[in-house]
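Please look over the sequence and the model below before reading on. The paragraphs that follow move from ring to ring, then to the cores, and then to the chain as a whole.

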Amino acid sequence: MALLFCDSFWGTDFTDQSGYEAILQRLQDGRHMCKDVEELLKMRALAEEKYGRDLVAIARKAEGQTEIGTLKASFDKFKEEIEKTGNLHIQLSERIKEEVLKIEVFREHQREQRKKLEEIIEKLQKPKMVLHKKTMESKRLYEQRCKEADESEQALGKKTNVNTSTHRQSEKVMNRARLCRQAANLAEKQYRWNVDQLGKTCQDWESTYRSACEVFQQQESERINILRCVLWEHCNLLSKQCVQDDDCYEEVRKILEQCDIVADNNNFIKMKKTSSHPPAPIEFQCYSDADTNGGVRRIETNRLSVVLSGMSFIGFPEAGNNSGAKYTPDQQRIGVTEEKYMVLYEFKAQEDDELSISKGQVVTITEKEALRRAPNKERNQKNLNFEIHLFIFLK
C-alpha cells in the first residue's frame, strides 16, 4: 500500500512546520542526487571518449607492414576492428552525454515547479502565522477582560451587601462593572472574529499544502523513476557496447581462422626464393694447388745442385716406392711419376732457389734432369754436376 505525503507530514501543533521542512529537505537531497548521477555519467562519458580515442590512435600507429600473406590480412583486420571499437566507444560517450543532458533538463524543470509551490506555501504561511499571533493576543486580551469583568461584578456584589457604602460609591462600582463587561464583550467579539479568520486562512493553507504535498510526492516519484530509467539505459548502452566489441573481435577471429601457416611460408618462399640447392662444400686445397684467389697456383721448382765427388749423392730407391704409389689429382693430371730415394750426404742450400736436405732424409723425385756442364777450373773434370729439379706444390 502506497503511503501519501499529504497524510504523513503535518505539524504536531499549529506553528509546527517540521513536516513541511522534512519534505523540502527530501526534495533538496533528491536534487543533489540528480547532480551526483550527472557527475558520474559525465566522468564515464569522458572515460569512454578517452578510451575510444586511445584505441583509434593505437590502431593508426600500429604498423605491421613487414608481414606478408594471410597473417598480414589478419593483422590489418585486427587494426581495423580496434579502430572501429574506438569509434563505437566515442559514440557511446555521446549517448551518455545525451542522458546527462536529459537529467539536467528534468532537474531544472522540477526546480522551477518546486519553487512556484514553495512561493505559494510561503505566501499562505506568513499571513497564517500573523493571524495566529493576533488571535493568540486577542484570546489573551479576552481572558484578561473577562477576568476584570468578573472581578468588578464581584466587587459590586460586595458593595450592595454592605449598608455603610454611600450611593455614590455604589454607582461608581456599578459603572466600573458595566464598563469591564462591555470591554470583555468587545474582546470576545475580536477574539471570535480572529478565530474565524484564522480558520478560513488555515483552511486555505491546508488545502494548498495538501495539493503541494501531492505535487512534491509526484516530483519525487518522477525523480526516482527517471534516475532509475537513466541508470537502466546506461547499463543497456554498456551491454550493447560489449556486444558490439565482441562482434568486432569475432570478425578478427573469423579472419584469423583463414590464417594459413603453410600458405604464408609458401608465399614467402615464392617471393624471396634464392636457390634450390645448398652451395658446394669447401674441399681441402693444397697450398701448391691454389693461389690466394682460389685459382691453381703455378708450379715452382727449386733446383738442387749437388757436386758428386766420386760417389752417388742420392741412394737407392726405397723398397716398394713405385708400387701402389698415391698421387694427388693435380699430379695425376700432369702425368707425374714418383720415385723415393734416401739422402746419403747432407747438403746446405747456397742460393735462394736451392733446398737444404739432411742425411737419411727420404725425398720424392718427381722429375730429374742430368746436364753436362763445362769443366770448372776449381773442380776435377771427373766430377759431374747434376741438377735435380724437385717440384714442390706450395700450399
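How many aromatic pairs does a search of the whole structure find? In this predicted model, the search finds six aromatic pairs. One of them joins Trp-10 and Tyr-209, whose ring centres are 4.9 Å apart and whose planes meet at 65°, and because an angle over 60 degrees counts as edge-to-face, the pair is edge-to-face. Trp-10 belongs to the segment before helix 1 while Tyr-209 belongs to helix 3, so this pair ties together parts of the chain that are 199 residues apart in sequence. The two partners differ in their surroundings, since Trp-10 is partly exposed at 30% relative accessibility, whereas Tyr-209 is buried, with a relative accessible area of 2%.

Tyr-209 also takes part in an aromatic pair with Tyr-20, again edge-to-face, with 6.0 Å from centre to centre and 65° between the planes. Here the connection runs from helix 1, which holds Tyr-20, to helix 3, which holds Tyr-209, so that parts 189 residues apart in sequence are tied together. Tyr-20 has a relative accessibility of 6% and therefore counts as buried, the cut-off being under 20%. With Trp-205 added, the residues Trp-10, Tyr-20 and Tyr-209 make up one aromatic cluster.

Trp-205 leads from this cluster to helix 2 and its polar side chains. The charged end of Lys-128 sits over the ring of Trp-205, at 3.6 Å from the ring centre. Trp-205 is also touched by Gln-125, which has Gln-17 as a further contact when residues up to four places away in sequence are left aside. Gln-125 is found in helix 2, which covers residues 69-161, and with a relative accessible area of 6% it is buried.

Is Arg-114, another residue of helix 2, buried or exposed? Its relative accessible area is 8%, so Arg-114 is buried, given that the cut-off lies at 20%. Its contacts, not counting residues up to four places away in sequence, are Leu-27, Arg-31, Phe-216 and Gln-219. Gln-91 lies in helix 2 as well, but Gln-91 is partly exposed, with a relative accessible area of 49%. The C-alpha atoms of Gln-91 and Gln-241 are 9.8 Å apart in space, although these two residues are separated by 150 residues in sequence.

The nonpolar side chains can be taken next. In soluble globular proteins, nonpolar side chains tend to be buried together. Which residues touch the most other members of the largest nonpolar core? That core has 14 residues, and the ones in question are Leu-41, Ile-103 and Leu-227. The elements that contribute two or more residues to this core are helix 1 (18-61), helix 2 and helix 3 (167-257). For Leu-227, the contacts beyond four places in sequence are Met-33, Cys-34, Val-37 and Ile-103. There is also a second, separate core of twelve residues, and Cys-6, Ile-23, Trp-205 and Phe-216 are among them. Trp-205 therefore belongs to this second core, where buried nonpolar residues are joined through side-chain atoms within 4.5 Å, and also to the aromatic cluster described above.

Helix 4 (residues 261-272) allows a check of its geometry. At 1.5 Å a residue, its twelve residues should span 16 Å, and because the end C-alpha atoms are 17 Å apart, the model agrees with that expectation. At the start of helix 4, a side-chain oxygen of Asp-260 comes to within 3.0 Å of the backbone nitrogen of Val-262.

Further along the chain, Lys-340 lies in strand 3, which comprises residues 339-343. With a relative accessible area of 33%, Lys-340 is partly exposed. Its C-alpha atom is separated by 4.3 Å from that of Thr-364, a residue 24 places away along the chain.

These details can be set within the whole chain. The protein chain holds five helices and five strands, and their order along the sequence is α-α-α-α-β-β-α-β-β-β. Of the 395 residues in the chain, 29% are buried. Among contacts between residues at least 6 apart in sequence, 77% join residues at least 24 apart.

Note on methods
Residues are numbered from 1 along each chain as its sequence is written. This is a predicted model: local features need pLDDT of at least 70, side-chain atom pairs count only at pLDDT 80 or more; totals for chains, interfaces and linings use all residues. Side-chain values use heavy atoms; hydrogens and water are left out. Helices (H or I, at least four residues) and strands (E, at least two) are DSSP runs, numbered from the N terminus. Buried means under 20% relative accessible area, exposed over 50%, partly exposed in between (1.4 Å probe, protein chains only). Contact means heavy atoms within 4.5 Å. The expected span of a helix is 1.5 Å times one less than its number of residues. A polar contact is a pair of N or O atoms within 3.5 Å; within protein, one must be able to donate a hydrogen and the other to accept it, and residues adjacent in sequence count only if both atoms are side-chain atoms. Rings of Phe, Tyr and Trp (its six-membered ring) pair if their centres lie within 6.5 Å; planes under 30 degrees apart count as stacked, over 60 as edge-to-face and the rest as tilted. A charge sits over a ring if NZ of Lys or CZ of Arg is within 6 Å of the ring centre and within 35 degrees of the ring normal.
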